[in-house]
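Biologist: Hello! Could you take me through the cavity and the unusual backbone spots in this model?

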Amino acid sequence: MKITWADLWRSSGTIDRGPYALVGLIGFALKHNLDRLVATFVFHRPWGLFNYWVPVRDVARITALRNGDTVFLATMVVLSLPFVWVGVSLTSKRLRSARLPSALVLLFFAPFLNLLFFLFLSLIPARDSDVTLEETAGPKNNFLARAVPESALGSAAFSLLFTVPCGLGLALLGGQVLRNYGWGLFVALPFAMGFAAALIYGVRQPRSLWGCIGVACLSMGLWGAGLLGLAVEGMFCLVMALPIALPLAAFGGAFGYLVQRRRWFPDGAPAFLSALLLFVPGVQWIEHVAAPMPPVYVVRTTIDINASPEKVWKQVVSFSEIPPPKEWMFRAGIAYPIRAGIQGTGVGAERHCVFSTGAFVEPIEVWDEPRRLKFSVTSNPAPMEEWTPYRHIEPPHLHGFLVSNGGQFLLTPLPNGGTRLEGTTWYRHSLWPAAYWRLWSDAIIHKIHLRVLKHIQEEAENRAQ
């Protein structure tokens with residue numbers, strides 16, 4: 001189908017899915033680069049994909065805009081008007097071609113949903129106007145069934161081409177925009193992706209259980225590779241999420257297997273997919289609005305030292321540089337302690353524990369020499385440096401999602417003249433399901449404790465000799 005320049009501006013007529021997708025992608029590329037050039041060289045502002053949802057940061061209401069922000073936003077709106085006109089015109093043509101209600105054109109303006117809407121219109125085939133309702137009934141005439149290839153390999157490939165981009169979009173919505181790392185991202189999304197992958201895989205004919213589970217798990221694997229390739233997440237975080245995400249995707253695939261064997265399924269497949277696409281952002285939005293307060297967790301680690309409490313105390317207050325780590329998790333990017341110093345003595349002194357990603361600032365609250373040293377934490381560095389093929393990435397969960405509230409060293413004299421040293425950390429994390437992520441955070445903090453305590457043990461015992 002040939003498209004003329006005038007066809008871009010008229011809402012009358014129809015357009016097939018291929019030209020619609022091609023024009024949409026070209027139009028978005030032109031608009032994004034135009035916006036980026038104007039923002040960078042005229043207003044000296046950064047401009048990325050997420051600025052289409054949050055064009056100006058740190059402004060809660062439009063009435064709080066500064067004069068420069070107002071001019072910037074007005075310019076970006078004026079630049080977008082021609083593209084909006086073309087987008088609405090082509091979307092109206094595409095809806096008419098697919099014989100869908102014209103009122104659906106309003107989804108063009110719905111944030112996030114418009115991306116899924118564009119993907120949907122790029123996949124649904126055209127329908128002839130003279131086809132009756134009776135002729136369109138049944139799996140062979142269902143638009144989704146007609147779009148999916150009949151072969152097992154073709155239907156699996158189509159399933160992955162649909163679920164992986166949708167999953168990436170929903171992950172960006174939850175993590176980058178709503179800044180939720182919880183039930184929506186780690187539970188609802190893997191299950192929904194596995195469910196949807198199995199549904200699409202079996203829409204033409206029922207597939208085997210292991211085939212459905214395999215497609216579901218493969219979609220989750222490609223989703224993780226996509227997050228790594230798009231510089232959204234690092235390898236270590238993906239490895240930590242894998243034990244919860246992969247079984248949930250397989251569970252969703254098993255559910256999809258049960259559903260796709262029902263007689264009514266082919267006609268109900270579009271409704272199932274629509275419900276799944278709305279289910280995940282619904283959970284993410286509820287989490288964003290509810291914003292539950294994370295509980296405080298405690299990790300305690302103990303070690304016995306062959307030195308008196310007085311000698312151990314000196315190493316507790318400040319210790320020399322620790323040799324490079326040998327533990328695999330620290331070598332993989334988890335932040336690890338390097339040295340500690342203190343400014344002043346007694347309550348009110350400020351201890352600085354330097355990690356590989358920065359320093360913890362620790363004002364002293366209890367100075368009971370040589371028994372107990374307790375401190376709060378007023379500044380937390382990033383908990384890790386992500387392993388990534390790129391030079392550096394900054395996922396939101398590196399800031400404010402794993403926070404230490406305070407710590408303590410407790411020194412107990414032993415009958416043999418030695419000291420039992422107990423290190424304690426009180427912390428919060430805003431990752432859900434909390435019980436799952438606590439397994440990782442407790443293990444990491446315990447390893448950090450051991451790195452410090454073993455170094456204190458070695459230094460105190462050497463000085464005691």
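Modeller: Happily, and residue classes come first: Ala, Val, Leu, Ile, Met, Phe, Trp, Tyr, Cys and Pro count as nonpolar, Asp, Glu, Lys and Arg as charged, and the others, Gly among them, as polar. This is a predicted model, where local features need pLDDT of at least 70, side-chain atom pairs count only at pLDDT 80 or more, and totals for chains, interfaces and linings use all residues. Residues are numbered from 1 along each chain as its sequence is written, and side-chain values use heavy atoms, with hydrogens and water left out.

Biologist: How much space lies in the largest cavity?

Modeller: On a 1 Å grid over the protein atoms alone, a cavity is a set of points where a 1.4 Å probe fits but cannot get out, and lining residues have an atom within 4 Å of a point. Grid points are joined across faces, edges and corners, and a volume is the space filled by probe spheres set on the points. Searching the whole structure gives 1 cavity of 30 Å³ or more. The space in the largest cavity is about 110 Å³.

Biologist: Which helix gives the most to the lining of the largest cavity?

Modeller: Helices here are DSSP runs (H or I, at least four residues), as are strands (E, at least two), numbered from the N terminus. At least two lining residues come from each of α6 (152–177), α7 (183–201) and α10 (265–290). The one that gives the most, with 5 residues, is α6.

Biologist: How many charged residues does the lining of the largest cavity have?

Modeller: The lining has 13 residues, and the closest to the cavity centre are Cys166, Ala192, Met193, Ala196 and Leu277. By class, 11 of the lining residues are nonpolar and 2 are polar, while the number of charged ones is zero.

Biologist: Which residue does a cis peptide bond join to tryptophan 432?

Modeller: The loop between β7 (419–429) and α13 (434–464) holds the partner. Omega is about 0° for this bond, and the partner is proline 433.

Biologist: Is histidine 44 buried or exposed?

Modeller: Histidine 44 sits in the loop between α1 (17–41) and α2 (67–97), and its phi is near 55°, a positive value in a residue other than glycine. Buried means under 20% relative accessible area, exposed over 50%, and partly exposed in between (1.4 Å probe, protein chains only). With a relative accessible area of 67%, histidine 44 is exposed.

Biologist: What relative accessible area does arginine 179 have?

Modeller: Arginine 179 belongs to the loop between α6 and α7. Its phi is positive, about 55°, although it is not a glycine. Arginine 179 is partly exposed, and its relative accessible area is 42%.

Note on methods:
On a 1 Å grid over the protein atoms alone, a cavity is a set of points where a 1.4 Å probe fits but cannot get out, and a pocket is an open set with protein on both sides within 12 Å along at least five of seven lines; lining residues have an atom within 4 Å of a point.
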